[in-house]
Amino acid sequence: MIFGFNTDVKHGETIYHVQSEARESEKLLQTQVFVRGRCVGKRAVSYAVSAAQSDFGDPHKEQQLRDQHRLVLEAIREGQLESVLDHAETETLAAIKQLDVHCENANSANHNLTLQLRVTEAGAAVPAARLTMRFARADSTPFYTQTVTDAAGAAEISIEVEESALPDSSVLVQATHEGRTVTRKFALRKAE
């Protein structure tokens, strides 16, 4: 099982978040590029033909995903991101139902950060999706927690944290449901 790769890379004044994951049920290696939480492009490559070979396994899949992730990172560093992104969705990609994770609300009070999350697929709620959260802050070990969405696809996660640490923190949330996964990174900032 491959969790995936997540890297932040800067080009000029823009910070890109590059997220790569193996989409097991569709037999795709997918890399998405985000700027300020918005997906600006993706690259998806099928490994269905390779998976049919008897000597193909997780180590091969992981290396292919690592190579694809590195290709996108290098393209960003060279200012050539557009050259490696998919420009037109293929029939295979268009037919895929996409999981998505939304942060519907975040509150910080009394040294607690509470995130209200929702998992959807093609706009519909996804009940019983497993959410794994990685909370990272400067000069501290990352904190991990898990929960499962309710019948409305909603879940709430609370962690103890000083509000002053929020601007230097990030939250990575991975949703898993029926062999599909999606990972989203959320930046935290104090509400004005």
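Here are three short exercises on a sheet and some salt bridges, each with a worked solution.

Before you start, note that this is a predicted model, in which local features need pLDDT of at least 70, side-chain atom pairs count only at pLDDT 80 or more, and totals for chains, interfaces and linings use all residues. Residues are numbered from 1 along each chain as its sequence is written, and side-chain values use heavy atoms, with hydrogens and water left out.

**Exercise 1. The open sheet**

Task: Find the strand order of the open sheet with 4 strands, and work out which strands stand at its edges.

Solution:
- Step 1. Strands are DSSP runs of E with at least two residues, and helices are runs of H or I with at least four, numbered from the N terminus. Two strands pair if DSSP finds at least two bridges between them.
- Step 2. Read off the order, S9-S8-S11-S12, with antiparallel pairing.
- Step 3. Strands S9 (143-148) and S12 (180-187) each have a single partner strand, so they are the edges, and one side of each has no neighbour in the sheet.
- Step 4. From one strand to the next, the twist averages 20°, where axes are lines fitted to C-alpha atoms and angles run from 0 to 180 degrees between N-to-C directions.
- Step 5. Now look at one pair: S11 (residues 169-177) and S12 are joined in the antiparallel sense over 8 bridges. Leu172 has Lys185 in S12 as its bridge partner.

**Exercise 2. A link between distant parts of the chain**

Task: Locate Glu24 and Lys61 and decide whether each is buried or partly exposed.

Solution:
- Step 1. A salt bridge is a side-chain nitrogen of Lys or Arg within 4 Å of a carboxyl oxygen of Asp or Glu. The closest N and O atoms of Glu24 and Lys61 are 2.9 Å apart, and the two residues form a salt bridge.
- Step 2. Glu24 sits in the loop between strands S2 (14-23) and S3 (28-35), while Lys61 belongs to helix H2 (residues 58-77), 37 residues apart.
- Step 3. Buried means under 20% relative accessible area, exposed over 50%, and partly exposed in between (1.4 Å probe, protein chains only).
- Step 4. Glu24, at 27%, is partly exposed, whereas Lys61, at 6%, is buried.

**Exercise 3. Salt bridges within helix H2**

Task: Work out how far apart Arg66 and Glu62 are in helix H2, then do likewise for Asp67 and Arg70.

Solution:
- Step 1. Arg66 and Glu62 form a salt bridge with closest N and O atoms 3.0 Å apart. They are 4 residues apart, so about one helical turn separates them.
- Step 2. Asp67 and Arg70 meet in a salt bridge at 3.3 Å, N to O. These two are 3 residues apart, about one turn of the helix.
- Step 3. Check the accessibility: Asp67 is partly exposed at 37%, and Arg70 is partly exposed at 38%.
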